Amino acid sequence: MTNSKKKTTVRTEVRELDGIEYRYELTSSRATDVASYGLPLYSVSVSMHFRDTGRVSEGRTENIFSDVNKAGRFFDKIVDNLATPIDLPYIVEDELA
């Protein structure tokens with residue numbers, strides 16, 4: 001497991017469809033583990049806010065990319081396809097396979 005300190009928001013995108021707000025966030029942090037010390041690591045989160053009920057569903061990947069370009073392409077893919085929190089682990093699995 002990779003530990004990291006302060007997270008910095010790289011990009012945020014918000015989409016709305018059928019009363020649901022989809023919020024996507026790409027963040028960066030610096031690795032603190034010896035093997036990867038100081039490397040930038042990128043995480044992605046997805047949340048859905050249901051306006052009618054106030055319910056929120058969230059999903060997050062932690063430190064899955066160390067390359068900003070790959071992280072950006074992945075982020076664009078999930079935003080363009082309105083990925084949901086439940087979809088996120090499956091999309092990551094396909095991406096890293």
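The side chains of Ser47 and His49 are joined by a polar contact of 3.2 Å, and that pair is a handy place to enter this predicted model. Ser47 belongs to strand S3. Is Ser47 buried or exposed? Its relative accessible area is 8%, and because the cut-off for burial is under 20%, Ser47 counts as buried. If you select Ser47 in your viewer and leave aside residues up to four places away in sequence, you will find that Ser47 touches Glu21, Tyr22, Arg23, Ser57, Glu58 and Pro85. By contrast, the C-alpha atoms of Ser47 and Glu95 are separated by 20 Å, with the two positions 48 residues apart along the chain counted as their spacing.

Now step back to the sheet around Ser47. Four strands make up an open sheet, ordered S1-S2-S3-S4, and their pairing is antiparallel. Which strands sit at the edges? They are S1 (8-17) and S4 (56-65), each of which pairs on one side only. On average, neighbouring strands of this sheet are turned by 15 degrees against each other, direction ignored. As a reminder, strands of a sheet pair through backbone hydrogen bonds, in either a parallel or an antiparallel way.

The S1 and S2 pair is worth following residue by residue. S2 covers residues 20-30, and its antiparallel pairing with S1 runs over nine bridges. Thr12 has Glu25 in S2 as its bridge partner, while Arg15 stands opposite Tyr22 in S2. Tyr22 is also one of the residues that Ser47 touches. Between S1 and S2 there are two residues, making a hairpin, and Asp18 in the turn has a positive phi of about 50 degrees.

Next come the helices. H1 spans residues 68-80, 13 residues in total, and reaches 18 Å from its first C-alpha to its last, close to the 18 Å expected at 1.5 Å a residue. At its N-terminal end, Asp67 acts as a cap, with a side-chain oxygen 2.8 Å from the backbone nitrogen of Asn69. Just after H1, Leu82 adopts a positive phi of about 50 degrees.

Which residues of H1 are buried? They are Ala71, Gly72, Phe74, Phe75, Ile78 and Val79. These residues cover an arc of only 165 degrees around the axis, so they lie on the same side of H1. The general reason such patterns can arise is that an α-helix has 3.6 residues a turn, so residues three or four places apart point the same way. Turned away from the buried side is a face that carries the exposed residues Arg73 and Asp80. The cover over the buried residues of H1 includes S1, S2, S3, S4 and H2.

That brings us to H2, residues 88-96, which lies across S3 (40-50) and S4 and runs at about 20 degrees to S4.

Definitions and conventions
Residues are numbered from 1 along each chain as its sequence is written. This is a predicted model: local features need pLDDT of at least 70, side-chain atom pairs count only at pLDDT 80 or more; totals for chains, interfaces and linings use all residues. Side-chain values use heavy atoms; hydrogens and water are left out. Two strands pair if DSSP finds at least two bridges between them. Axes are lines fitted to C-alpha atoms, for helices over the stretch in contact, and angles run from 0 to 180 degrees between N-to-C directions. Contact means heavy atoms within 4.5 Å. Buried means under 20% relative accessible area, exposed over 50%, partly exposed in between (1.4 Å probe, protein chains only). A polar contact is a pair of N or O atoms within 3.5 Å; within protein, one must be able to donate a hydrogen and the other to accept it, and residues adjacent in sequence count only if both atoms are side-chain atoms. The expected span of a helix is 1.5 Å times one less than its number of residues. The arc is that of the directions from the helix axis to the C-beta atoms.
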